[in-house]
Each structure stands twice: as C-alpha cells, then as structure tokens.
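Student: I would like to learn how to read a structure like this one, feature by feature. Could we take the features in turn?

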2 protein chains.
Amino acid sequence: MNISNSEENYLKTIFHLQADTEKVNTNAVAEKLNTRPASVTDMMKKLSAKKLLDYQPYKGFSLSGEGRKIALGIVRRHRLWEYFLVEKLHLGWDEVHEIAEELEHVSSKRLIDKLDEYLGFPKFDPHGDPIPDSKGKLRRSNEILLLQLPLHQRAEVCRVGNQSAEMLELLQHKNIRIGTKLEVKNNFHFDGSIEVKVKNTTVSISEQLAKNIFVTYES
Amino acid sequence: MNISNSEENYLKTIFHLQADTEKVNTNAVAEKLNTRPASVTDMMKKLSAKKLLDYQPYKGFSLSGEGRKIALGIVRRHRLWEYFLVEKLHLGWDEVHEIAEELEHVSSKRLIDKLDEYLGFPKFDPHGDPIPDSKGKLRRSNEILLLQLPLHQRAEVCRVGNQSAEMLELLQHKNIRIGTKLEVKNNFHFDGSIEVKVKNTTVSISEQLAKNIFVTYES
DNA sequence: ATTAATTTTTAGCTTAGTCTAAATTTTAAT
DNA sequence: ATTAAAATTTAGACTAAGCTAAAAATTAAT
Ligand SMILES: [Mn+2]
Ligand SMILES: [Mn+2]
Ligand SMILES: [Mn+2]
Ligand SMILES: [Mn+2]
C-alpha cells in the first residue's frame, strides 16, 4: 500500500494525540496540522477506506493496528533523524524538528536500519522521546513531571515537553539538559516555583518551566 | 519562490540533459522522467512563467541563470547524500541513487552545509561525479573515456557512466574502483575489447564496459 | 425538554500534476 | 515543392489535497 506524505502526517498526528485520549476528534487534528476540519474529515474517510483508521462519523477515530504500525515507523524515522542532526551534525535541539519533519518521509527501510546502526541504536531522541526499534516496539518509561517530584527525591531529567529555542536557551542557562541529576529543595505556594539542586548549585525554576520537564527516579 | 519536488525533478533533469546539448527537447525530458510529453509541456510553461527556463514553443528550452543555480543546488544535495550513504552508512553504490532522489528535496540550506562540513567537504560523489560547492561552483575535470585512453598511458579511474548493480559487481570482480590506477596494454579490433594493467595483474575489459569508465591523466 | 452552541460533515470550488486523444508545427523524405 | 513522419502543443478529463459556506448531528445550557 502506498502512503503519501500528507497521509503520513495525519497518521503521525493521530498517533501523538492518542497518547492523551483513546479517541481523537476532528478539530484536534485540524489544529495540529494547521488545516481545516473539513479537510480532516476528507482524509479520515480515505484512511478509513485504507483500513488504517477506525472511524465512525461524528464519533471520532483511532488508529487501527496497521495504522499504528505505520505511525510508529514514521515516529522512528523522525526521531532517528533528529538524533543524527544533533549528535552528528551538531544542529541545535530547537532547529531539528522542522528538518526531521521532512526527512521522516524518506521511507527506505534499509536506509533507516543502516542509519540506526550507524548511530549506535540510540534509545531516545534529543528531546528525550523514546525511539521505536526496528520492529516498532516502543519503551515507555515511568516518568513524572518535575513539578510533581517529591521533595528531596533525587531524580534525572529524561524528557522535555517543549522544544522551542526559548526553552532550550533557558535550560542551557540553568545548566540543565537530558540526563542531568537533580533534587527538589523547596517549593513555593505563592507562584508555584521550585528550587532544585543541580550539581552543587541551587537554581530556581518557574512553574511554567517545571511543567515542561520530565524526570525519572528509582524505587 | 517556492519550488515543488516535481519542479525540482524537472529542473535537475534539464540540467543533466544540457550537458549534452544546449537546447533540450520535450521528448528527452519525458523519457528521463517517465512522464508524457504533454505533461512536460505543461511544466515548461510553469517553469518558464517562473523565469527558471528560457522557452519558445516548439523550439526547445534551456535553464535560465536562476534555473541553473537552483538545479546546481539540487545536484549538490543529491551528491552529498550519496556520499553520506556510501561513506558513512556503507550502502552499496548501486542502491544510493534512488534514496538520494528523495533526500535531495529536503532543502534546508543549513542542513546541507552542516552535512557538507561533517563529510569533510567531499569533491566527488561515489560515482565520481563532482559535487557543487556551497556557492554552486562545479569543477569540471578533463576526463576521457577509458576506451579512448592511448596505449601505455598511465591513468586513474575518476568516474563511471553507469551505476547499476551489474556494473558495480563487474568492477568489483575486476578490482577496479574510483581512484584505481591503470594502463592500457592492448586493444583488439575484433570486438573492441582492451587489456589493462591494474596493480600487477592484467584484466580484460569489454568495449561496453570501457565506454562506461572515465579516466584522467597528467599532461 | 427545548433551545443554543459547538462539532462534524457535506457540497461545491480550486490548484498542482498527471494523462489521452486530437490538432498543430517542424523536420525529413520523396 | 509536396507529402509523410515525428515532435510538440492544446483541449479536456482525472486524482489528491486543500478551502469556504451551508447543513446536519451532537453536546451543553436554560
Ligand atoms: Mn512530516
Ligand atoms: Mn523530538
Ligand atoms: Mn528527486
Ligand atoms: Mn551519483
């Protein structure tokens, strides 16, 4: 079956939206893809006819098994390319998403598996998102928001929920990146901000920022 | 100005055909791109309207300065990716063209310049074709066909005119690759075949093969 | 339970890129 | 110089992907 770039973008978007809600609705997809709801409905019919989607008019839709498999392939390509762009070409974390958005549609399986091998089978992309393996398997880690990390619990930054240049800049300034170990020392009710210990220094983090940092910890 | 993948493919094809003849004709383009002459005419009108092409109905067409500049950009991307695929990912010379045919349309200038740097600013792609530099400058070497190399003139293989798996296999079998030094020892009128010395062995090369190998030599 | 607001779908248009068949122009051959 | 063949363009149609505006269905509010 042949799948166009546009169809791939829809599948991937639905896949991502399904992380939040099992059933996805028209407006949400239109919003993400910067298209109109009417265009989404058209495409849903097409994907549904191809059996990549379970769709009942007015009731929302979700990926079929096959649709999910294809979406995982696209996500794999996207994240592998992002890893390549950051680790090998030294592009900034904030500029790789856009480029990967195009590269992800180059679909040679052999290319991607060779790339994976060349990169040393990375498990996470530069933003901490897991990279599906060659068989489409995706590890889900038991992460929580830094905002919800208990006081004095040592943890490690594993993912960011936002990849704007602004956030990258702020994190770099505070010396925080994926893998950084930290511990919450204080949290303030007034503005929701927290103080965390990183290495030997203490930095202040706004609620807004702490909502975009995910961490993991043992036990 | 925005240029679609399809338009890029046409521009690149015309660029390549112009290596042979200044003015390119409709059927030649249709043949190369596996489309119909009528489709070519349509596209020529569009490219002409965009001033990327000099076009007079029934008279053929050639790239404008701007068109040539864009075509060189595409060729640059194509050949850099081919180099990457062979040198870094270790794909075979015969399988990279198809993949590069897609990658060449990812047009981020920053991506390509970073890739170029990462690869060490290579001057030639895996088939010996020159890679335009960041400014679109293209070196042309003074190469000749192996078939026309004078007897006993030491020379170096610099390019192949065909990149099929079959030819790759044959060349590998005869231990010949880009950069191989050789010298013609005999040529036979009966079938046009020649004998060349490579390292310390003598190998026989058919006329058909010798027409697809280009060499350079000093003075 | 009606009515109002929101969401989704349908209907009808548009553009890019392709095609086939027919008309036209150019080139080649008598 | 005519005629025949080949190349090119035009005309008209199709598909994919999008849009706007209107209709229909669902959900929320009185
Ligand atoms: Mn994309
Ligand atoms: Mn990412
Ligand atoms: Mn191409
Ligand atoms: Mn090449």
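Student: Which residues are the protein donors of the manganese ion (ligand 4)?

Tutor: The model is predicted, so every value here is computed from it. To read a metal site, list the donor atoms and then their distances. For the manganese ion (ligand 4), the protein donors are B:Glu82 through OE, B:Asp125 through OD and B:His127 through ND1. They lie 2.1 to 2.3 Å from the ion.

Student: How are the donors of the manganese ion (ligand 4) spaced along the chain?

Tutor: Their spacing is E-x42-D-x1-H. Next, place the donors on the chain's elements. B:Glu82 belongs to helix 4 (residues 65-87) of chain B, while B:Asp125 sits in the loop between helix 6 (109-119) and strand 3 (144-145) of that chain. These two are 43 residues apart, and the pair links distant parts of the chain.

Student: Why does B:Glu82 count as buried?

Tutor: Compare the relative accessible area with the cut-off, which is under 20% for a buried residue. B:Glu82 is buried because its relative accessible area is 1%. B:Asp125 is also classed as buried, because its relative accessibility is 5%.

Student: What are the protein donors of the manganese ion (ligand 2)?

Tutor: The method is as before. A:Glu82 (OE), A:Asp125 (OD) and A:His127 (ND1) are the protein donors, at 2.2 to 2.3 Å from the manganese ion (ligand 2). Along the sequence these donor residues follow E-x42-D-x1-H. A:Glu82 is in helix 4 (residues 65-87) of chain A, and A:Asp125 is in the loop between helix 6 (109-119) and strand 3 (144-145) of chain A, so placed that the pair, 43 residues apart, links distant parts of the chain.

Student: Are A:Glu82 and A:Asp125 buried or exposed?

Tutor: Both A:Glu82 and A:Asp125 are buried.

Student: Let us turn to the DNA. Which residues come nearest to DNA strand D?

Tutor: For a nucleic acid, start with the surrounding residues, then ask which part of the strand they meet. There are 22 residues around DNA strand D, and the nearest are A:Ser4, A:Ser39, A:Lys46, B:Thr41 and B:Tyr55. Of the strand's atoms that come within 4 Å of the protein, 81% are accounted for by sugar and phosphate.

Student: Which atoms of the protein lie 3.2 Å, 3.0 Å and 2.8 Å from phosphate oxygens of DNA strand D?

Tutor: Check whether each atom is in a side chain or in the backbone. In A:Ser6, a side-chain N or O atom is 3.2 Å from a phosphate oxygen of DNA strand D. For A:Arg36 it is a backbone N or O atom, at 3.0 Å from a phosphate oxygen of the strand. B:Thr41 has a side-chain N or O atom 2.8 Å from a phosphate oxygen. The elements giving two or more residues to this surface are helix 1 (5-17) and helix 3 (37-49) of chain A, with helix 2 (26-33) and helix 3 (37-49) of chain B. By class, the residues divide into eight nonpolar, nine polar and five charged.

Student: How many residues surround DNA strand C, and which are the closest?

Tutor: DNA strand C is surrounded by 22 residues, with A:Lys45, A:Tyr55, B:Ser4, B:Ser39 and B:Lys46 the closest. Sugar or phosphate supplies 79% of the strand's atoms within 4 Å of the protein, and bases supply the rest. A polar side-chain atom of B:Ser39 is 2.6 Å from a phosphate oxygen of DNA strand C, and one of A:Lys45 is at 2.8 Å from a phosphate oxygen. Helix 2 (26-33) and helix 3 of chain A, and helix 1 (5-17) and helix 3 of chain B, each give at least two residues to the surface near this strand. That surface has eight nonpolar, nine polar and five charged residues.

Student: How should I read a single residue? Where is A:Glu7?

Tutor: Take its element, its burial and then its partners. A:Glu7 is in helix 1 of chain A. It counts as buried because its relative accessibility is 3%. Its side chain makes a polar contact with the side chain of A:Lys50, at 3.0 Å. Leaving out residues up to four places away in sequence, A:Glu7 touches A:Asn2, A:Met43, A:Lys46, A:Leu47 and A:Lys50.

Student: How many helices and strands does chain A have?

Tutor: Chain A has eight helices and eight strands. Of its 219 residues, 44% are buried.

Terms used
Residues are numbered from 1 along each chain as its sequence is written. Chains are lettered from A and ligands numbered from 1 in the order in which they are written. This is a predicted model: local features need pLDDT of at least 70, side-chain atom pairs count only at pLDDT 80 or more; totals for chains, interfaces and linings use all residues. Side-chain values use heavy atoms; hydrogens and water are left out. A residue is near a molecule or strand if one of its heavy atoms lies within 4 Å of it. A polar contact is a pair of N or O atoms within 3.5 Å; within protein, one must be able to donate a hydrogen and the other to accept it, and residues adjacent in sequence count only if both atoms are side-chain atoms. Helices (H or I, at least four residues) and strands (E, at least two) are DSSP runs, numbered from the N terminus. Ala, Val, Leu, Ile, Met, Phe, Trp, Tyr, Cys and Pro count as nonpolar, Asp, Glu, Lys and Arg as charged, and the others, Gly among them, as polar. Donors are N, O and S atoms within 2.8 Å of the metal (3.2 Å for Na, K and Ca); water is not among the atoms, so sites may look incomplete. Buried means under 20% relative accessible area, exposed over 50%, partly exposed in between (1.4 Å probe, protein chains only). Contact means heavy atoms within 4.5 Å.
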